[in-house]
Amino acid sequence: MSRRLARIAAFALALVMMCTGVCFAASAEIVSPAASSVTDSDSFLISVKLDSVSKARISVYQQKEAVEVSRTVSGTSIKVTEYVVPDLSALKPEDVQAISDLYTGVVTKGAVMSNGKTAVKYTDIPYGDPVVYENKAEGIGIYTKQLTGVAPGLYRVNVDLLGKDGKPAASATTFILVKEKPKVKEKTDLFETNQGTAAQTLKTVIKNIFK
Amino acid sequence: MSSRSRLIEHAKSVILVVLFIATILLLYLLWGKDYLRPAAVTVLRGQAAEVNESLLVVPDYVAYGSGDGSFSLADDPAEAFAKAVAQAAGFAKLSSPTLSQITREQYRAAMTGFESVQLSFRYALPTAQFCEYYGLGKFTSSDSSESFTCFGFSEASPESIFFKDESSGSCYRLLFGEAPASLSYRFTDAGSAQYYYCGDILGGKADAMIALEGESTLQAGRMLTELEADPMLSTEIARAAYGDTFDFVRRLRDGFGTLTYMYGYGAKVLTCYTDGSFDYYDESTGRGESRGFFGDLKTAADFVEKCGGIPKDENGGLAMQLFGAIRLDQGRSSGYVFGFVQTEDGVPVLSDRGCSVEVEVSGGQVTRMKRAVIKASDISGDSREVMQPANVLAGNCNHIYNISTNSMLSVEPAEAYAYVADNVRSMRMGLYEQEDLGTLTPCWIVLSPAARFFFDLYDGTPLGFDLIGD
């Protein structure tokens, strides 16, 4: 009897492992926006890669700070929670990464950011309706969307890989900081690093000699 | 002898000398000019057909960057190209520039992170000849950057013109002391479709510009070869190719119906195949000098116009574009092999055989021409949504990988996907010629370093490919 039970248990275990394997064979990867990126444009690209036949829910959340404020309703003062956009304009990609790490559980205590404040978890406020994308192809499928007219703030792009029951089986998330578009873009140091290096100059000289 | 008769004798001698010199000069004018002229011109004698070769040089696309990584493409690349050249000419009037090499990442950052405009060609243009041909003057050190496939302007450095050579992977910028007063990053109207670098969508390094989504009015149409449309074309092309020597040309027809015109002992051969394609071959290597990219292009274009004609659109404009150019350097003779592609409704028509017309110009004369031009009909219909380019690439990554790497072994999808995300060079709409079926199928034309692929425009299924090598 116990032998039979053991066989059934082994079979059940194998079945569970196979199912789990099927469930997690599919994977979702957020290609764009790049992890912890910063942009000063009011639009950005969302690109999600799904590895096999699968369904995913793509959601965008704006990160807001919960603030308790007093309101007077019918002569009575009550406290209500309002969600405001925190001023994160001075943050750098590494600061966004610090917030992301806190969110994903890589760290439990927020690091000190370049604005002197400690990274904290904000509240997810849905930005538009989530989209369900189904990759019907056997191979890789790509979901793309350009988000336009985005207000400055911190956003979280989240992808839930949905199981057959419609519940999230796995998730991927990334943060992007949208800054105010400057009226005049400041001069960048884009070309300062490798202008006229010795090797290039030598290459040009040699090229001209043997021309 | 009296002094009078001696004077007459002297005058006679002078007249004889003058007559002798005049005879030599006249003989030189009569024969000498033809003798010195390259043989290609003899071939071209007859009905002179002049083509403005600059009309064949049209960018693959003109992309206006909005600074957030997205681009919109100019509706009329030829018009945008003319305006970009005028802007570059404005730079040329400024102080002498300095040329410096920049990294591919810097070039990409300048085009994606800032307002920008970039013009991309399917072939490499020689920088110095380009500047000379379009009246841009001679930029200092411009000859250090031998050729380019892209050039553009960016808000990242308004006082610069940027160049990129896709074949060598080199990027340059010409830095001037200041920017022209009328600097612009948008020359013409652009379509509403949003384009991104392929690598940004798929997660790789590929520089192909692909749309997120799109629509098209292209539909499967019918085609006739030009020989089916005009059975006398073989004779016309032969008359044009052989010129005055046509009366001395042998005409042979084999059992398969292939018609061959031969001059001498195979010195010049024109073969007219039953599938409507033509192959002209002149074994004499050019005695003259190569006239450079644009000079040789004119020679090629004039020859094509003369031998069969360049396809025209309904407004009389050229329905053909330069699609490829390979520099030849074979000892004494140098030149180019030009590939021209026929356009219908503004999109290229291609097949597994490659370009519609291929012309080899060596030593200043046409030494080979392959021609397979078609007449298309019923290729336009209602507007429909096309299959998303990113999904065409992702769904066919194993096919692209196997053909491009010449490996039929199965490979992990992730490896094939990474190859595609890093190596796709171009992805554009077009028409795929299925000659055996007599049909034209709307397609995505995808270029990898080793092959050109055709995928159905609406469902992404593979239609064919053409190996091109690198």
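Which side chain of opposite charge is nearest to A:D95, and how far away is it? I will start there and then go through the two chains. Please keep in mind that this is a predicted model.

The answer is A:K92, at 6.5 Å. A:D95 is buried, and it has no salt bridge. A salt bridge here needs a side-chain nitrogen of Lys or Arg within 4 Å of a carboxyl oxygen of Asp or Glu. To find the residue in the model, go to helix 2 of chain A, which covers residues 93-104. Leaving aside residues up to four places away in sequence, A:D95 touches A:M113 and A:S114.

Now the chain around that residue. Chain A has 211 residues, of which 33% count as buried. Its secondary structure comes to three helices and 10 strands. If you follow the elements from the N terminus, the order is α-β-β-β-β-β-α-β-β-β-β-β-α. Take the contacts in chain A between residues at least 6 apart in sequence: 63% of them join residues at least 24 apart.

On to chain B. This chain has 470 residues, and 54% of them count as buried. There are 12 helices and 26 strands in chain B. The C-alpha trace of chain B spans about 105 × 65 × 45 Å along its principal axes. For chain B, the share of contacts joining residues at least 24 apart is 62%, again among contacts between residues at least 6 apart in sequence.

Next, one helix of chain B in some detail. How many of the eight residues of helix 11 of chain B are buried? Six of them are, so this helix is largely enclosed by the rest of the structure. The buried ones are B:C397, B:I400, B:Y401, B:N402, B:I403 and B:S404. What do they pack against? The list is helix 10 (389-395), helix 12, strand 24 (439-447), strand 25 (451-456) and strand 26 (462-467), all of chain B.

Of those neighbours, I will take helix 12. Helix 11 of chain B runs over residues 397-404 and helix 12 of chain B over residues 413-423; their axes come within 8 Å and cross at roughly 75 degrees. Angles from 65 to 115 degrees count as roughly perpendicular, and helix 11 and helix 12 of chain B are therefore roughly perpendicular to each other. From helix 11 of chain B, the residues that meet helix 12 are B:C397, B:N398, B:I400, B:Y401 and B:S404. On the side of helix 12 of chain B, they are B:P413, B:E415, B:A416, B:Y417, B:Y419 and B:V420. By class, this contact between the two helices of chain B has eight nonpolar, two polar and one charged residues. Just after helix 11 of chain B comes B:N406, which takes a positive phi of about 55 degrees.

The last topic is salt bridges. How many does the structure hold over all chains? The count is 24. I will show three, each in chain B.

In the first pair, B:D60 forms a salt bridge with B:R428, with the closest N and O atoms 3.0 Å apart. B:D60 sits in the loop between helix 2 (39-44) and strand 1 (61-66) of chain B, while B:R428 is in strand 23 (residues 426-434) of chain B, so to speak of distant parts of the chain is fair: the two are 368 residues apart. Buried or partly exposed? B:D60 is buried, at a relative accessible area of 6%, whereas B:R428 counts as partly exposed at 21%.The second pair is B:R104 and B:E166, whose closest N and O atoms are 2.8 Å apart. B:R104 lies in helix 4 (residues 104-112) of chain B and B:E166 in the loop between strand 6 (160-165) and strand 7 (170-175) of chain B, so this salt bridge ties together parts that are 62 residues apart in sequence. B:R104 counts as partly exposed at 27% relative accessibility, and B:E166 counts as partly exposed at 23%. B:R104 and B:E166 also belong to a network of salt bridges, together with B:R108, B:K164, B:D200 and B:D207.

In the third pair, the side chains of B:D275 and B:R353 meet at 3.2 Å, N to O. B:D275 is in the loop between strand 14 (268-272) and strand 15 (278-282) of chain B, and B:R353 is in the loop between strand 18 (347-350) and strand 19 (357-362) of chain B, 78 residues apart. B:D275 counts as partly exposed at 26% relative accessibility, and B:R353 is partly exposed with a relative accessible area of 39%.

Definitions and conventions. Residues are numbered from 1 along each chain as its sequence is written. Chains are lettered from A and ligands numbered from 1 in the order in which they are written. This is a predicted model: local features need pLDDT of at least 70, side-chain atom pairs count only at pLDDT 80 or more; totals for chains, interfaces and linings use all residues. Side-chain values use heavy atoms; hydrogens and water are left out. Helices (H or I, at least four residues) and strands (E, at least two) are DSSP runs, numbered from the N terminus. Buried means under 20% relative accessible area, exposed over 50%, partly exposed in between (1.4 Å probe, protein chains only). Lys and Arg count as positive and Asp and Glu as negative; His and the chain ends are not counted. Contact means heavy atoms within 4.5 Å. Axes are lines fitted to C-alpha atoms, for helices over the stretch in contact, and angles run from 0 to 180 degrees between N-to-C directions. Angles under 35 degrees count as roughly parallel, over 145 as roughly antiparallel, 65 to 115 as roughly perpendicular and the rest as oblique. Ala, Val, Leu, Ile, Met, Phe, Trp, Tyr, Cys and Pro count as nonpolar, Asp, Glu, Lys and Arg as charged, and the others, Gly among them, as polar.
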